[in-house]
Amino acid sequence: MGRTGTNVVVSRARLIETEVPARPVGLVLVLHGGATRPGSPEVSPAQLSVLRMIPVARRIARAGRGRLAVFRLLNSHRGWDTGHTPVDDVAWALGELRGRLGPLPTCLVGHSLGGRAALLAGGQDDVRGVVALNPWVYSYDDVDLTGRRVLIVHGTDDRVAPPARSEAVARNLQAHTEVGYVEIPGGKHAMLSQGGRFEQAAADFAVETLLAAR
């Protein structure tokens, strides 16, 4: 975060358009992962964790058939710290998009740390659904997502974000709302070998959440 001369906080996070119909009826915000790197706190559009979300966003846009606005969020900095987290960047992005597009039913789709951000930010205004792909979470993570739909998709061979943790989080969240949990056999953290299955699960869920009743 930075400050102007008038002490107004300005976010370094950025929004990248994937699809912006003239009259969207729903919004999908796609969130990348990526751990902290010593000496390089800035998020690069070329880093692998960011590039990996491009096909996810495109798959969702195609499935939306011109009815969903789809944006990717580039966080203000890498990783997750106590002073400013990706959840803050999600709040900023939703505010920006609400000002631009008006209030729209929204689905958050995140991978790794972005999956954790999606879950923890799922209580924001207008959010109707959350998809967490191979989320890097703590087993004690919990938030009241009453009224939201939640899907967690996790590869069984993920050695970076242990599936046991996301299973524990799913149980926590089930105290407030229904949570779907899908295992991808052989799926690894980067979602490369089984990428199409992760992408399709996210697209199907977003479309069903935002468009099924329209």
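Contact, as used below, means that heavy atoms lie within 4.5 Å of each other. The structure discussed here is a predicted model.

**Exercise 1. Determine where arginine 116 lies, whether it is buried or exposed, and which residues it contacts beyond its neighbours within four places in sequence.**

Step 1. Arginine 116 belongs to helix α4, which spans residues 113-120.

Step 2. The cut-off for a buried residue is a relative accessible area under 20%, and arginine 116, at 10% relative accessibility, therefore counts as buried.

Step 3. Once the neighbours within four places in sequence are set aside, the contacts of arginine 116 are with Trp80, Pro135, Trp136, Val137, Tyr138 and Asp141.

**Exercise 2. Describe the order of the strands in the open sheet of 7 strands, and explain why one side of β3 and of β9 is left without a neighbour.**

Step 1. Reading across the open sheet, the 7 strands follow the order β3-β5-β4-β6-β7-β8-β9, and their pairing is mixed.

Step 2. Because β3 (14-19) and β9 (179-184) stand at the edges and have a single partner strand each, one side of each has no neighbour in the sheet.

Step 3. From one strand to the next, the twist averages 20°.

Step 4. Within this order, β6 (residues 106-111) and β7 (residues 127-133) pair in the parallel sense over 6 bridges, and glycine 110 stands opposite alanine 132 in β7.

**Exercise 3. Identify the strands that helices α3 and α5 lie across, and give the angle that each helix makes with a named strand.**

Step 1. Helix α3 (residues 86-101) lies across β3, β4 (26-31), β5 (68-74), β6 and β7, and its direction is at about 145° to β5.

Step 2. Helix α5 (residues 163-173) lies across β8 (149-155) and β9, and runs at about 165° to the latter strand, β9.

**Exercise 4. Characterise the surroundings of leucine 29, and state how far its C-alpha atom is from that of proline 163.**

Step 1. Leucine 29 is part of strand β4, and because its relative accessibility is 0%, it counts as buried.

Step 2. Not counting residues up to four places away in sequence, leucine 29 touches Leu15, Phe71, Leu73, Val90, Ala93, Leu94, Leu97, Cys107, Leu108 and Val109.

Step 3. Proline 163 is 134 residues from leucine 29 along the chain, and the separation of their C-alpha atoms is 23 Å.

**Exercise 5. Examine the phi values of arginine 65 and aspartate 126, and classify both residues as buried or exposed.**

Step 1. As background, most residues other than glycine have a negative phi.

Step 2. Arginine 65, in the loop between α2 (53-64) and β5, has a positive phi near 50°, and with a relative accessibility of 75% it counts as exposed.

Step 3. Aspartate 126, in the loop between α4 and β7, has a positive phi near 80°, but at 17% relative accessibility this aspartate counts as buried.

**Exercise 6. Assess the confidence of the model and how compact the protein is.**

Step 1. The average pLDDT of the protein is 92, and 92% of the residues score at least 70.

Step 2. Residues 1-10 call for caution, since their pLDDT is below 50, and this stretch has 12 contacts in the model beyond near neighbours in sequence.

Step 3. The protein contains 6 helices and 9 strands; its radius of gyration, 16 Å, is close to the 17 Å that the globule rule gives for 214 residues, so the protein is as compact as a globular protein of that length.

Step 4. Of the 214 residues, 51% are buried.

Note on methods:
Residues are numbered from 1 along each chain as its sequence is written. This is a predicted model: local features need pLDDT of at least 70, side-chain atom pairs count only at pLDDT 80 or more; totals for chains, interfaces and linings use all residues. Side-chain values use heavy atoms; hydrogens and water are left out. Two strands pair if DSSP finds at least two bridges between them. Helices (H or I, at least four residues) and strands (E, at least two) are DSSP runs, numbered from the N terminus. Axes are lines fitted to C-alpha atoms, for helices over the stretch in contact, and angles run from 0 to 180 degrees between N-to-C directions. Buried means under 20% relative accessible area, exposed over 50%, partly exposed in between (1.4 Å probe, protein chains only). pLDDT is the predictor's confidence in each residue, from 0 to 100. The radius of gyration is taken over C-alpha atoms; the globule rule is 2.2 Å times the number of residues to the power 0.38.
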